[in-house]
Amino acid sequence: MKRKQCVAMLLAGGRGTRLQQLTDENAKPAVPFGGKYRIIDFTLSNCRNSGIDTVGVLTQYQPHILQNYLGRGDAWDLYQRNGGLTILPPYQCKHTDRWYDGTAHAIFQNLHFIEQYDPEHVLVISGDHIYKMDYNKMLEQHIATNADATISVMGVPWKEASRFGIMNIDEISNRIVEFEEKPQFPSSNLASMGIYIFKWSVLKEFLEREEKNDFSSKDFGKDIIPAMLINNQSLYSYKFNGYWKDVGTLESYWEANMDLLNKETNIFFTNKEWEISTVENSCPPQYLDRDAVVKQSLTSGGNEIYGTVDHSVLFGDVKIGRGSFVKNSVVLPGATIGENVKIENAIVGEGVFIPDNYSVPSAATKEITLIGETVEVERMSLSSLSGVY
């Protein structure tokens, strides 16, 4: 088999509990986003556009919708004889019958997949972030600095820094001198984006070392990166200045969708040549009734709109009844909103039916409501929201 310069390992097995009912029966990377996409479309499109043609997708939690969606990888031009897209669920073998215990353990369990391509470098990425990024530029810096590992970073608001792995770097060389995983009192606001490139020989050594450590959580941020720093390996930062959003919470998911409704923050208006591919569906054209009103919104195929939609994102096959008003909301595929319904600051779950005359509190409450199978599930405070650009 032809040797690859770089193989990508895409972590897509997380449960995503903070997204609540959105991930009850669906892996987080397969959650719909932006009217017609799924979250994983961004990472896979980044690989395709960066010329990385070998991608292993590591699945675990509720994988069926995700696996069916990925198929052979055709939508992202990743169906190839030598490489392409390969789904890598946990499995039983003579050495182990364990689930993936951590991000690093998941990669360790698939050493054989990586080794068949004998790569010089391995790109480790997550399937739950919204961004456009040329991984090849990061790889070029990684090679130029002869780094053992390169970590993509960006500045975040100081009040948000404790949510991330934080880097302290030498500003002249960009070499990482200290790493703190979600520190209570961060000394820097330079956050890890969870995008890593490793020399394969070095990564393999540290994966095997952590696997033998019974006290290790086998996680990149908690174990691998700190161990490499202690061992004085050469770790460098790669500074990213574009739009990037971790959509692992209801608040950040809602906010990322709302960002699409302003030209300045709409990721699809930046670098239009960097296309985001998705699996196309066969929805019929949308229908706007004579009395329908749609303002500053994204709507999709199969929609039937009889009421008013203002500053909202509607996925396919959504119906909005007469006299209904939807504002500052995200309505997922197949949802039906009855007549004379008022919804503001909400996420309406996939396939949910909302009866006539239902009402969600107005924006004055500063809360976002998740409307799931039980109609009203949870309200999350919006007061602490802040974007990452």
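Which residues of α6 are buried? The close-ups below take that up first, then turn to rings and charges, all in a predicted model.

**View 1. Helix α6, end to end.** This helix takes in residues 200-211, twelve residues in total. At 1.5 Å a residue the helix should span 16 Å, and the C-alpha atoms at its ends do sit 16 Å apart, so the expected and modelled spans agree.

**View 2. The buried residues of α6.** Here are the ones the opening asked about: W200, V202, L203, F206, L207, E210 and E211. They cover an arc of only 165° around the axis, which means they sit on the same side of α6.

**View 3. What covers those residues.** Among the elements covering the buried part of α6 are two other helices, α3 (103-108) and α4 (111-115). Strands β6 (121-126) and β11 (190-199) are also included, and so is α7 (220-230).

**View 4. An aromatic pair, F33 with F42.** The model has 13 aromatic pairs. In this one, F33 and F42 meet edge-to-face, with 5.7 Å centre to centre and 80° between the planes. F33 counts as buried because its relative accessible area, 0%, falls under the 20% cut-off. F42 is buried as well, at 0% relative accessibility.

**View 5. The cluster around that pair.** Pull back a bit and ring pairs link F33, Y37, F42, Y253 and F268 into a cluster.

**View 6. Charges over rings.** R38 has its charged end over the ring of Y69, 5.1 Å from the ring's centre. Elsewhere in the legend set, K263 lies over the face of F269, and here the distance to the ring centre is 5.7 Å.

Conventions
Residues are numbered from 1 along each chain as its sequence is written. This is a predicted model: local features need pLDDT of at least 70, side-chain atom pairs count only at pLDDT 80 or more; totals for chains, interfaces and linings use all residues. Side-chain values use heavy atoms; hydrogens and water are left out. Helices (H or I, at least four residues) and strands (E, at least two) are DSSP runs, numbered from the N terminus. The expected span of a helix is 1.5 Å times one less than its number of residues. Buried means under 20% relative accessible area, exposed over 50%, partly exposed in between (1.4 Å probe, protein chains only). The arc is that of the directions from the helix axis to the C-beta atoms. Contact means heavy atoms within 4.5 Å. Rings of Phe, Tyr and Trp (its six-membered ring) pair if their centres lie within 6.5 Å; planes under 30 degrees apart count as stacked, over 60 as edge-to-face and the rest as tilted. A charge sits over a ring if NZ of Lys or CZ of Arg is within 6 Å of the ring centre and within 35 degrees of the ring normal.
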